[in-house]
Amino acid sequence: MTVDLVGFLGVVLVAYLVPGPDFLVVVRSAAEDPSRGRAAALGAQTGLCAHMLAAAAGLSAIATRSPVVYDGIKLTGAAYLVYLGVRAVLAARRAARQRRTAHEAASHAPHEAGHARGRFRSGFSQGFLTNLLNPKAALFFLSVLPQFADGDGSPARQILLLGLLDVVIGVAYWFALVVVAARLRALLARPKIRHRWELTTGWLFIAIGVTVATAA
């Protein structure tokens, strides 16, 4: 099997460097808590694994060739992104209303510290669903990966091998991004900046969701 690894690695790196919904999920999660950011990263890559296995089995080809199935996945993914955005905007508004209460600072830290497992599950599920419900990820495995494989080899095997390489690269990239994004935590400890951050990321989620839903 002959694979154009140089070309493949170039395409993969560009794909990760261009911000998308998964980028926003990982950065936002890491800014809240590094472990939550790593969980979101692992969730996002697990979602890619699901697309990779589906493409290797031929299921993604069926989905992308059926307008009804493709549009259903697209609209579901868009609705989920809008949901994340609305939730972030509402959370920002609630925090603004509670900011002046005397017990907020005292009660916030213990509450967060006692729910590390919940933060991990929440981050993982957000990353996983964001990528799982992204039809562009399925198209990547079906249309981009085969271009770098040997036509004489097994398509399913080559998709799996290239897909696994993609996932490993993604994990390394996301974990590095988590380290950088986690440095925002000190800045986000300021209530006004935290409020603006929540509103900005929330509206970005909504904008991306609307864009996905209306894209041809």
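This is a short talk on the fold, the core and a few individual residues of the structure shown above.

Let me begin with the status of the model, which is a predicted one. Its average pLDDT is 82, and 87% of the residues score at least 70. That confidence varies from element to element, with the highest mean, 92, in helix 3 and the lowest, 46, in helix 6, which covers residues 104-113. Over residues 102-114 the pLDDT stays under 50, and for that stretch the model has five contacts beyond four places in sequence. I will therefore leave that stretch aside, given that local features here need a pLDDT of at least 70.

Now the overall picture. The protein has eleven helices and zero strands, and of its 216 residues, 37% are buried. If we take the contacts between residues at least 6 apart in sequence, 86% of them join residues that are at least 24 apart. The accessible surface comes to about 11,700 Å², and carbon and sulfur atoms account for 67% of that area.

Turning to the interior, the largest nonpolar core contains 36 residues, and those with the most contacts inside it are Val26, Phe141, Leu145 and Trp174. Two or more residues are given to this core by each of helix 1 (5-17), helix 2 (21-32), helix 3 (34-57), helix 5 (67-98), helix 8 (135-144), helix 9 (155-182) and helix 11 (191-214). Helix 9 supplies the largest share, with eight residues. As for Phe141, if we leave aside its neighbours within four places in sequence, its contacts are Leu48, His51, Met52, Ala55, Pro146, Ile159, Gly163 and Asp166.

Helix 2 deserves a closer look. Its twelve residues reach 17 Å from the first C-alpha to the last, close to the 16 Å expected at 1.5 Å a residue. How much of helix 2 is covered? Ten of its twelve residues are buried, so to describe this helix as mostly covered is fair. The buried set includes Val26, which we met in the core, and among the others are Asp22, Arg28 and Ser29. Against these buried residues pack helix 3, helix 5, helix 7 (116-132), helix 9, helix 10 (184-188) and helix 11.

Within helix 2, Ser29 counts as buried because its relative accessibility is 2%, below the 20% cut-off. A polar atom of the Ser29 side chain lies 2.8 Å from the backbone oxygen of Val25. In general, an α-helix has 3.6 residues a turn, so residues three or four places apart point the same way. Beyond four places in sequence, Ser29 is in contact with Arg36, Gly37, Ala40 and Gln126.

Gln126 leads us on to Thr130, which lies in helix 7. Here the backbone oxygen of Gln126 is 2.6 Å from a polar side-chain atom of Thr130. Is Thr130 buried or exposed? At 6% relative accessibility, Thr130 counts as buried. Leaving out neighbours within four places in sequence, Thr130 is in contact with Pro21, Asp22 and Val25, and also with Tyr80, Leu81 and Leu84. The C-alpha atoms of Thr130 and Ala44 are separated by 6.9 Å, although the two residues are 86 apart along the chain.

Next, helix 11, where I would pick out two residues. Glu198 lies in this helix and is buried, with a relative accessible area of 7%. Not counting residues up to four places away in sequence, Glu198 touches Arg28, Glu32, Ala88 and Ala92. Pro191, also placed in helix 11, counts as partly exposed because its relative accessibility is 45%, a value between the 20% and 50% limits. Pro191 and Ala96 are 7.9 Å apart in space, C-alpha to C-alpha, while 95 residues apart in sequence.

Finally, helix 3, where Ala54 is found. At 18% relative accessibility Ala54 counts as buried, given that the cut-off is 20%. Which residues is Ala54 in contact with, leaving aside its neighbours within four places in sequence? They are Leu59 and Ser60. Between the C-alpha atoms of Ala54 and Leu142, which are 88 residues apart along the chain, the separation is 9.6 Å.

To close, this is a predicted model with eleven helices and zero strands, and its largest nonpolar core has 36 residues.

Terms used: Residues numbered from 1 in each chain as written. Predicted model: local features only at pLDDT ≥ 70, side-chain atom pairs only at ≥ 80, totals over all residues. Heavy atoms only, no water. Core = buried A, V, L, I, M, F, W, Y, C linked by side-chain atoms within 4.5 Å. Buried < 20%, exposed > 50% of the residue type's maximum accessible area, 1.4 Å probe, protein only. Helix = DSSP H or I, 4+ residues; strand = E, 2+ residues; numbered from the N terminus. Contact = heavy atoms within 4.5 Å. Polar contact = N/O pair within 3.5 Å; in protein donor to acceptor, adjacent residues only side chain to side chain. Areas by Shrake-Rupley, 256 points an atom, 1.4 Å probe, with all protein chains shown as cover. pLDDT = per-residue confidence, 0-100. Expected span 1.5 Å × (residues − 1).
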